[in-house]
Structures are given as structure tokens and as C-alpha cells.
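User: I am new to reading protein structures and would like a guided look at one part of this one. Please pick a small spot, explain it closely, and then show me how the parts around it fit in.

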Amino acid sequence: MESTIIEPAQIDADENFPLFSALEFYDHEQVVVCSEPELGLKAIIAVHDTTLGPSLGGTRMWQYENEQEAIRDVLRLSRGMTYKAAVSGLNLGGGKAVIIGDSQSDKNEAMLRAYGRFVDSLGGRYITAEDVGIDEKDMEFINMETKYVTGLPKESGGGGNPSPVTAHGVYMGVKASAKKAYGSDSLEGKKVAIQGAGAVSSHLAKFLAKEGAKIYVCDIYDEKAQKVSKNTGAEVVDSEEIYGLDVDIFAPCALGGVVNDETISEFKFDIIAGSANNVLDDEETGSQILVDKNILYAPDYVINAGGLINVATELEGYNAKRALDKATQIYDTMLDIYHHAEDNGTTTLAAANHLAEERIRKIGDIHRVYTSESRLSGHTGEMYKAK
Ligand code: NAD
């Protein structure tokens, strides 16, 4: 069969080719399109910003409706990683990759290893990890072709499951939020509603119970909620009722988009602080409505940064205590954000974004000072590493 070849002139003729506008809009440095048709590989790696260090973010495998949707997702997610690393005080930039395809049926060793070689070709500008549709076994194939991989299981020298560190960071964020809202970070006697009884929340519930909080938990799988209840004394509630509970703190630890037009009117909480990503259905209006309702919102990408902190620690040679210590700093970061928001009359989300951007700008400026080696660290393809 004859293949259709698009002449370069045809591509050039379309001045509105949207990719560069998208890159400019999100302020990306580089996007790499990886193609191996024989192996079924269609991947896009987005390096958003490497001012602070090599870009890091997981590889997601997803059956996107079309290529534009995949591009939009990888650009949005990689930009989010820049902000998360920056506000968390990590010397990492933001990156992300997507492989277009069905993770149940389209994966194979050769395809994943070919993808690993594309990651390797970036010489350390992008470090990858697991994400939706990519599991530990897949990471092992990718790791056969590149050392720029993190988030490996403990048996392979990695930090293993990040959930306990994420939960510790969320706990610190909840305490900082209580400090801001009530003047004391003690959670004794505080009523906390946890949505989801999964990997993060089961650890979080233990921290909260130890401090004497009264916990309410829900899950779409009753047995998971019952297990948390058994371990912590939490009261199991119906998933549908969680938004209207008369409690002090709401900890969303399941899904994104749970603060939306429908749920928000039910809220009686003082604080929203949990591990879930993309908690606000609409970031701008959602965060402002919460301010208007006098509900303190812990920006999701700050409070749930323990997972990223865990994989960043792995790059330096994993040490569980160091990861937990670093996640403890989420307490101070959160208070900085709350004070900044109050002083400047902004939402907490806007304050977090501002602090992230400020750190990138200021650390970017120090690179003007010449030193023989340090200015090169993390910028020459060397693995990000404690010397
Ligand atoms: P998980 O899958 O182990 O737990 C999520 C739980 O939520 C599951 O038990 C699920 O049944 C439940 N759930 C789903 N929909 C629900 C609903 N409508 N009502 C009540 N419960 C519902 O996931 P996890 O690893 O604990 O992560 C939880 C959230 O935190 C996710 O949004 C994840 O993206 C985010 N997060 C996790 C980490 C980490 O280290 N695991 C790091 C950063 C962010």
C-alpha cells in the first residue's frame, strides 16, 4: 500500500500550527515527540522548566481522544510539576510524559524500552517515574535503557511506595492549617472528615487518631472504610453525606474536582486540606468562593508534595528519615503561603503560585554568578545527586 507523504511545504503553509503557541502559552522549554510506529510507540515528553534542576515527573499512559488532548495534558501536567517542586524547596524542574495508547493492551517490552531510550537521549534533562497506566514492571523495562528513572521499588534500590511520606506531609499541612485557622496546631478534639480510605488516607487517619482527632471516613468500598475504622476508631459515613458533615476539617483523599458548584454550597468546614490532586473543579473561581465562605484551602499541590519529595530523595540515595524530615517542612511552607495570602489579599492558591514563581526567578538569578562547578549542577545531564 502506498503511504501518503505530507510534503514539508504543506506543513509550513499552515502558519497556525498550534504547538508553538501552546508552548509559549504554558512557557515550556522543550517538547519531544517520540515515534516508533513498528513498536506502537507514540510518546510526548514535555520539559517545562529546568531553572531549578532537571525536570521530573511521571510517565502517563492513556488512550487520548486525539493528539491535541495528549499535548494539552502533558503541557498542563509538566507545568504543574514545576510549581510543585519549586514551592517544595526541591532542586528540580517540571516535566511529564505521556504515551498514547491503552495501558491494558498496547504495552510491550520493546515499546517501553524504546521509550526509555528517548528519555535517555535527553541526557538527564528529564527524569521519569510511574504515573497512571505505568506500573513498577514497566518502570523496570524503561530503567533497562536509561538511568534517568526514579520511584523504583525498595528491592531495586528505590524508595518504594510514597504514600506514608505523602500522608505525613498532608498531616503537617493539616496541622499548619489548624494553626492558621484556630491559633493552635493541636488537632485534639477536632472533627476531621476523610474522603477515601486508600493508601494515603489510611496512614493519615492513624496520625490524626494518635493526636485525638474525631475522624469520619467514607469510601465507595465499604470494607476499606471499615478497615480504617477498625485501626483508628474512625466513624464510617456514607460517601454521599461527606460534603455536608458538620465537621472542622475536610480532607479529600480520593478524587479531583470535589470542590465544585454542587458541593460547595453544602460545606460547613473551616479547612479543606487533603492529598487529592486537582481538588478544585475550577481553580480560579473555586479558590475565591472558598475565601468568600471563610474556608481555608490548603493548595493541593503543596500539601500532597510528599510523594514528589520521596522520589526526589531517592535521587540522592534513598533515606526514609530524610524524606520524612523534608515532608515535615510542608508545615512551614503552608504557613508561609497563608501569611502571604493574608498580607496580599489573595487566595491561598494564588499565594502558592506566587511563591513558586518567586523561587524560580530568584534561584534563576543566582546562576549569573560564575563558579567553576556548582552552576552546572543538574544542568549538564549529570544525575541530580548529593556529592
Ligand atoms: P488510593 O487509590 O489508594 O485511595 C483512594 C481511595 O478513594 C480508594 O480507596 C477509592 O475506593 C476511594 N474513592 C474513590 N472515589 C471515591 C468517592 N467518590 N468517595 C469516597 N471514596 C472514594 O489512592 P491514594 O494513593 O491514597 O491517593 C489518594 C489521592 O491522593 C489521589 O487523588 C492521588 O492522586 C493523590 N496523591 C497520592 C499520592 C501518593 O503518594 N499516593 C501523592 C500525591 C497525591
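Analyst:
**Starting at a hairpin turn**

Let's begin at glycine 40, which takes a positive phi near 75 degrees in the hairpin of β1 and β2, where four residues lie between the two strands. Please keep in mind as we go that this is a predicted model.

How many bridges hold the two arms of this hairpin together? Seven bridges join strand β1, residues 30-36, to β2, and the two strands run antiparallel. To see one of these pairings for yourself, find valine 31: its bridge partner in β2 is alanine 46.

Strand β2 has another partner as well. It pairs with strand β5, residues 93-100, again in the antiparallel sense, over six bridges. Here you can look for isoleucine 44, whose bridge partner in β5 is valine 98. So is β2 buried or exposed? All nine of its nine residues, 41-49, are buried, so this strand is largely enclosed by the rest of the structure.

How far can you trust what you see? The protein has an average pLDDT of 91, and 91% of its residues score at least 70. Residues 1-14 are the stretch to be careful with, as their pLDDT stays under 50 and the model has one contact for them beyond four places in sequence. Where pLDDT is low, the predicted coordinates should not be read in detail.

Now let's step back from the hairpin. The domain assignment gives domain 1 as 8-81 + 93-149, and domain 2 as 163-359. Between the C-alpha centres of domain 1 and domain 2 there are 30 Å.

A good residue to visit next is isoleucine 142, which belongs to helix α5, residues 136-145. Isoleucine 142 has 24 other C-beta atoms within 10 Å, so it counts as buried. Who are its neighbours? Leaving aside residues up to four places away in sequence, isoleucine 142 touches Leu112, Tyr115, Gly116, Val119, Thr128 and Val149. Take leucine 112 from that group: it is 30 residues from isoleucine 142 in sequence, yet their C-alpha atoms are 5.6 Å apart in space.

From here we can move on to another sheet. This one is open and has six strands with parallel pairing, in the order β9-β8-β7-β10-β11-β12. Its edges are β9 (235-236) and β12 (296-297), each with a single partner strand, so one side of each has no neighbour in the sheet. At the β9 edge, two bridges join that strand to β8, residues 214-218, and the two run parallel. One pairing to look for there is tyrosine 216 with its bridge partner in β9, glutamate 235.

Tyrosine 216 also leads us to valine 247. This valine lies in the loop between β9 and β10 (249-252), and it touches Lys191, Val192, Ala193, Tyr216 and Phe269, again not counting residues up to four places away in sequence. Although valine 247 is in a loop, it is buried, because 22 other C-beta atoms lie within 10 Å. Aspartate 325 makes a useful contrast with these contacts: it is 78 residues from valine 247 in sequence, and 30 Å away in space from C-alpha to C-alpha.

Remember the positive phi of glycine 40 in our hairpin? Most residues other than glycine have a negative phi. With that in mind, look at asparagine 278, which has a positive phi of about 50 degrees although it is not a glycine. You will find asparagine 278 in the loop between β11 (271-272) and α10 (283-292). Its 15 C-beta neighbours inside 10 Å make it partly exposed, since a buried residue needs 20 or more and an exposed one has 12 or fewer. Asparagine 294 has a positive phi too, near 60 degrees, and it sits in the loop between α10 and β12. With 8 C-beta neighbours inside 10 Å, asparagine 294 counts as exposed.

Our last stop is the ligand. Which residues are closest to it? Of the 24 residues that surround the ligand, the closest are Thr166, Gly196, Gly198, Ala254 and Gly307. The elements that give two or more residues to this shell are α6 (163-182) and α7 (199-210), and α7 gives the most, with three. By type, the shell has 11 nonpolar, 11 polar and two charged residues.

Technical notes
Residues are numbered from 1 along each chain as its sequence is written. This is a predicted model: local features need pLDDT of at least 70, side-chain atom pairs count only at pLDDT 80 or more; totals for chains, interfaces and linings use all residues. pLDDT is the predictor's confidence in each residue, from 0 to 100. Two residues are in contact if their C-beta atoms, placed from the backbone, lie within 7 Å. A residue is near a molecule or strand if its C-beta atom, placed from the backbone, lies within 6 Å of it. Ala, Val, Leu, Ile, Met, Phe, Trp, Tyr, Cys and Pro count as nonpolar, Asp, Glu, Lys and Arg as charged, and the others, Gly among them, as polar. Domain bounds come from an automatic or database domain assignment. Two strands pair if DSSP finds at least two bridges between them.
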